[in-house]
Amino acid sequence: MTERLAVVFDVNVLVGAITHGSAEFESWPSPPPVTDNACADCLGIANDAREFSLFLSAHVLTATAHVLTREQRGFGWELARAREYIALLVDIARASGGDVVDPPRRVTDSADPEDDRVLDLALACEAAILVSDDHHLLDLSPWRGIPIVTAREFASRTDAMRRAAGR
């Protein structure tokens, strides 16, 4: 088996995986086929643990839970449901060979301090790729040699790679 590449998903990908379309977090099927929820497809790819190891940080997990439980401009989830989802994300990360890390705060390359925290994580785990649908991060790509791609691009390219390999 080849070594898995480290991948980081931005908060918007983690939130989108569970809030867009009919996503449920009991299972994360992996593409192919690519579905209408690219964020869920990304989690399915991480859950497969074939090519990628998912890395998370406490900050990213806290921000994800905050967005899900926030009433205004959020999704109004109950805290218990958000905690279940966070626990599942941690399980996926660890099962894929990744982990939850606490990166030092070093990056100040983005206009948004929240984006800098995601970049800190990518730097700390030596990510091969960062997946985000945030144009502020996408505009930085490649950042310090790390490509930053959309969830749709990540899912589609992984699907194409798998199909080409005959998996």
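Start by selecting Asn47, which sits in helix 2, the run covering residues 38–48. Keep in mind as you click around that this is a predicted model. Color by accessibility and Asn47 comes up as partly exposed, because its relative accessible area is 36%. Now add Ser96 to the selection: Asn47 and Ser96 are 49 residues apart in sequence, yet their C-alpha atoms are 6.4 Å apart in space.

Stay on helix 2 and bring up the cysteines. Pick Cys39 and Cys42. Are they bonded or not bonded to each other? The sulfur of Cys39 has its closest cysteine sulfur in Cys42, 6.1 Å away, and that is too far for a bond, because a disulfide needs the two sulfur atoms within 2.5 Å. Seen from the other end, Cys42 is in no disulfide either, with the sulfur of Cys39 as its nearest cysteine sulfur. Searching the whole structure gives 0 disulfides. As for surroundings, Cys39 counts as buried at 4% relative accessibility, and Cys42 is buried too, at 0%.

Next, show helix 7, residues 151–165, alongside helix 2. The two axes come within 8 Å and cross at roughly 50°, so helix 2 and helix 7 are oblique to each other. Rotate until one helix lies in front of the other, and you are looking at a left-handed crossing.

Time for the rings. The whole structure holds 3 aromatic pairs. Select Trp77 and Tyr85 for one with an angle worth checking: the ring centres are 6.1 Å apart and the planes sit at 65°, so this pair is edge-to-face; the cut-off for that label is over 60 degrees. Both Trp77 and Tyr85 are buried. Leave Trp77 on screen and add Arg81, which lies over the face of Trp77 at 3.8 Å from the ring centre.

Then move to Phe9, Phe52 and Phe154, which ring pairs link into a cluster.

Last stop: helix 1, residues 11–19. How many of its 9 residues are buried? The count is 8, so helix 1 is largely enclosed by the rest of the structure. To highlight the buried set, select Val11, Val13, Leu14, Val15, Gly16, Ala17, Ile18 and Thr19.

Note on methods:
Residues are numbered from 1 along each chain as its sequence is written. This is a predicted model: local features need pLDDT of at least 70, side-chain atom pairs count only at pLDDT 80 or more; totals for chains, interfaces and linings use all residues. Side-chain values use heavy atoms; hydrogens and water are left out. Helices (H or I, at least four residues) and strands (E, at least two) are DSSP runs, numbered from the N terminus. Buried means under 20% relative accessible area, exposed over 50%, partly exposed in between (1.4 Å probe, protein chains only). Rings of Phe, Tyr and Trp (its six-membered ring) pair if their centres lie within 6.5 Å; planes under 30 degrees apart count as stacked, over 60 as edge-to-face and the rest as tilted. A charge sits over a ring if NZ of Lys or CZ of Arg is within 6 Å of the ring centre and within 35 degrees of the ring normal. Axes are lines fitted to C-alpha atoms, for helices over the stretch in contact, and angles run from 0 to 180 degrees between N-to-C directions. Angles under 35 degrees count as roughly parallel, over 145 as roughly antiparallel, 65 to 115 as roughly perpendicular and the rest as oblique. A crossing is left-handed if the near helix is turned anticlockwise from the far one by less than a right angle, and right-handed if clockwise.
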